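Visitor: Could you walk me through this one, a piece at a time?
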Amino acid sequence: MHSTRRSVSLIAGTVLLGLLAVLIAGAHWISPYDPVQQHAAERLEKPSAQHPFGTDRFGRDLLARTLHGGQITLLSAMAALSGALAIGLAVGLAAGMFHNSLLDRLFMRMIDVLLAFPFMVLAMVVAALFGTSLFHLLLAVIAVGWVTFARLARSVVLQARNETSFAAARVLGASNRTLILRELAPKALSPVLILATFELGSLILSIAALSFLGLGAQPPTPEWGSMLADGREYVLQSPHIMFGPALFIMLSVLAFNLIGEGLRDRLDPYEKPQL
Amino acid sequence: MHAASEAILIVEQLQVSYRSKEQARPILHGLNLTLHQGETVCLLGESGSGKSTLAKAITGLLPPSAQVGSGSLALAGGIAVDLADDNGSGSIPWQRIRGTELALLFQDARQALNPVMTIGQHFKETLLDHRKAKPDEVESISCRLLRKLGFTDPLVLLSSYPFQLSGGMCQRICLAIALCLEPKVLIADEPTSALDTVSQREVLSLIRAMQLDLGLTVLLITHDLAVARAVSDRVIVLDQGRLVEQGSVQRVFSQPKALFTRQLLAYRSQVSAPAKLRSTRKSSACLLEVRRLHKSYDANQPIVRDASLTLDEQEIVGVLGQSGCGKSTLARCIAGLETPNAGSILLRGTDISGLQGKARREICRRIQMVFQDARASLHPGRTAQQLVQEPLQYLRIGNKQERIALASHYLQEVGIEGEAQYRKPPQLSTGQCQRIAIARALVLKPEVLICDEAVSALDVRIQAQILKLLKRLHKQYRFSILMISHDVSVLRSFCHHIAVMSDGRFQEGKQASVRLHESSQPHTQLLLRCAGDLEEVRI
Amino acid sequence: MAVLLRKLMEALLTLICATVILFMLIRLAPGDPAVLLLGQPSEVAAMHTEVYEQKAAELREQWGLDQPMAIQYVSWLGRLVQLDLGTSLHTGRAVSAELAERLPATLQLTAAALAVQLLLGFWLGIVSALKAGTFSDQLIRLACVTLASTPAFVTGLCALLLFAVTLGAYEISSEASWSRLWLPALTMGLASMPQFARMVRANMLAELGQTYVLAALSRGLARRRVIGQASRNALLPLVTVTALSAATFASGAVVIESLFAWPGIGKYALDSILRKDYPVIQGYAFVMVTLVILIHLCVDVLYAYIDPRLQRKRRQVTRGVNEHA
């Protein structure tokens, strides 16, 4: 019973993600409209056969904008996440491998300090001082995002170092490099990747939220959060303009969360007693 | 002893299987079992024989993946339940049976106590939940029981947490908590397997004393022949979910009927037979010398202090000690896994204790180690071939063909042949995993092989096979062995010399294993007495 | 006591490091810091160029902007210690006063949202774990995953649309009153609840798999009591998570505050960004970082009291045991 449900959430997530990827990659073919071109005559139109998601206050086709926006949102989220993942994994492995060394303590201190910066606060400071742009936002994401991965990787490594297989490899003459690459990294990788799928979801949410506040992508770039921000003043009269970007944000985050849940169940099988 | 008295627990036609993926794996095949008032029955079987499943099935504690096909349980006082009803229906009044009728002891007693509750709280909730006592009586009842179980200062104990207590103490406390409800039957599931010889004896004699004192009926589940022999009135032998033999303890041990029991006894006597080894020649040179070694993680609690030991060429030396005496830390220091705080380790006269990096790794060619949990020491995703090639790759020995050839050769030497060389640890038995671990150590042609409790976790049958294998390899490849163990009988049958370790140090030097019993050291005497009691004398 | 002192020192060190980062960020920002802090000449309309220049020079001298970075940092830190966070460019009032005025509203919202998250998340997590693998478990998990995938501002907009526009049950204004609290608190709590519920479920399942649960059952203890014990142990490690979420909460409140026009410091900071009111942003960041470090410190201290296993100083009990029974 467990095994079937496990695969359901994994399969559902993967299919959903594939579908979204196809739609977003094929934006040009699916919606013929230019996402930035304004049409004063077609402002705030309700959904119709011509414009399935309707149009916004500048008469731009919302389907086209949503699909094109997906490219920017998803790609930027993935880019930022890969950066954070790479840094986090490297730091976590090094700190765990050389536990209690000067390097480890330095990294832990850094992590403590960065943990004191809530992501939102840092993003706001960066936006205020360096100007609002998606690029600055992504830098802020990487600057604090790696901490989560580093902490997880480090704790996994510290655990793995106490396992017999690690001691066995050392006795058999493995060098530090071999130990990290063959014994520790593979063990740290799967929990870190699972965390990464969840983080990707929440990252999309954060980027959208910041853009919604006007601190991320700037108009006229089509981006989900800023599209929502754009329609904010009009939302009470014509709520349909929210529908497209909101749906796509939800679906893409849902896809990553489902994949994460499926993978996590596979990694931590549980057995509880009959109570 | 009480064979004629009334039956107090009857299990009939118990069938249990585990579901995994699509298939069901049967564990128990229609088992019948009767316990009589006041007797101690030993359920003897190897790991995987289904003996723990039996204990869980009759207390209704099977995990959801287990399915009871059929089975009934009848207890004194007219309680009869159909165990097959237990699959999720919740119709069995377990709360009335557990604790008051059947009490259960677990293998790892510390895990069986809630880590954030004091011992006193455990007593309190157990007594109050069953309305066995009023709140103000709890303390006096628990103190009385704890005193009975040999604790002289029970009040301190009541306010302490499980993590502050040793494994043996936790097991005695679990026994006290179980007894406070005055159960009719005590089911003890490997209660002493995780303990060292001395605590093992303590717990067993307490169970025995309580049984005689309170007229308790005990079902003792164990894989250890010595334990069964020491405490039981009747023995039931279980093999792969089937009852193969039962009878009085004298009869089963002196005239075993079933082939399986006969094999089991033969292996045991093989393992514990006194050594017929002659001490190594006087002329042989000293290979490894540990000089005044000191290791501590916390300055107040040194693990190893001032330990000195020598190992000659081709010699087999045993290090005997209880858990926590520092013997494993000593082994890890010699193998280079830990850096000692003081003292030296001389390999053919050269100090290797402080080496780092490349120089340290070169020592790996000369000193190798086999661990207690072989399966955990092998990467589950690699084949036996790859695993044995690993050290050759790490130390850049030979080219690819040579490595494969070497690995095959050593795998054959340890009896892993043909297609089995391309299987991965999850598809191999525990014994096979230990063989691979040995091959992996020997492929580097070491001068010293450290065996850290290398056979302790194995069933007696596999234990005998591995020891035989080690003896053969020792003769053929002429390395020295440092055997770390808590098991006197294994060491006596296997080693030329034995050194006894306690509290981080050797009280006296190594001595010929045949003369160990002549030692005047009180600790050595204690270890021997406890082990000896379990071997021959009934508790 | 020594542990407490060490934790305190560590927290202080972290705070100092954090202020260094903040300081560097401000100095690394493009442009003249004096101009940043005073506002662009074009935007300070009421001021003549000469007066502006004079003011800027005064500021440069007062803040020692021509001195080495280290000295600048120390004097900046000195002002921070005196809670002098500068003056708002927009209102001309002290930033500390402005923030202090708005902090209660944010704390009120955060506490209410946290309560929603904890109560709902705990309940759903435990139920889901106890019924693991059944239909209700899957339903709860599906609901949680869906909720976790919905941006808080979308939930918020929908809630506003439903309660304020369609039903007219919620008053849109910019006041922080108890009658206006429930909707933003609910929105915020619901957004963070799924993650908490998921952790409760995972921890609870792990606890239920422990031997002590089996042992408690084997003693015939009531099911409710056993579940109670397990859930207590499952919740212990979540103290940290909860505190951390409280910290991110207070900062994440920006979105909700701006959406519901809740007059907290998040909304104020956001408005200040759009107004380019740098002293306010800087003050806001400092306050938030200090708040987070304080919360972490509290958690560390609290932990030592909740979990007996962490009270390292307790000695091993060896008395009360005679040598051999």
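Guide: Sure, and we start with a term: buried means under 20% relative accessible area, exposed means over 50%, and partly exposed is in between (1.4 Å probe, protein chains only). This is a predicted model, where local features need pLDDT of at least 70, side-chain atom pairs count only at pLDDT 80 or more, and totals for chains, interfaces and linings use all residues. Residues are numbered from 1 along each chain as its sequence is written, chains are lettered from A and ligands numbered from 1 in the order in which they are written, and side-chain values use heavy atoms, leaving out hydrogens and water.

Visitor: Is Glu338(B) buried or exposed?
Guide: Glu338(B) pairs up with Arg332(B) in a salt bridge, their closest N and O atoms being 3.3 Å apart. (A salt bridge is a side-chain nitrogen of Lys or Arg within 4 Å of a carboxyl oxygen of Asp or Glu.) Arg332(B) is partly exposed at 26%. Glu338(B) has a relative accessible area of 15%, so it counts as buried.

Visitor: Which residue is the bridge partner of Cys451(B) in strand 18 of chain B?
Guide: Strands (E, at least two residues) and helices (H or I, at least four) are DSSP runs, numbered from the N terminus, and two strands pair if DSSP finds at least two bridges between them. Strand 17 and strand 18 (residues 480-485) of chain B pair in the parallel sense over 5 bridges. For Cys451(B), the partner in strand 18 of chain B is Met483(B).

Visitor: Why is strand 17 of chain B largely enclosed?
Guide: Val448(B), Ile450(B) and Asp452(B) point one way, Leu449(B) and Cys451(B) the other way, and all are buried. So the rest of the structure largely encloses this strand, and the count of buried residues is 5 of the 5.

Visitor: How many salt bridges are there between chain B and chain C?
Guide: The contact (heavy atoms within 4.5 Å) takes 39 residues from chain B and 31 residues from chain C. In one salt bridge, the side chains of Arg225(C) and Asp129(B) meet at 2.9 Å, N to O. Between chain B and chain C, the count is 2.

Visitor: How far apart in sequence are the parts that Lys187(A) and Glu163(A) tie together?
Guide: Lys187(A) and Glu163(A) form a salt bridge, with the closest N and O atoms 3.3 Å apart. Lys187(A) lies in helix 8 of chain A and Glu163(A) in the loop between helix 6 and helix 7 of chain A, so the parts they tie together are apart in sequence by 24 residues.
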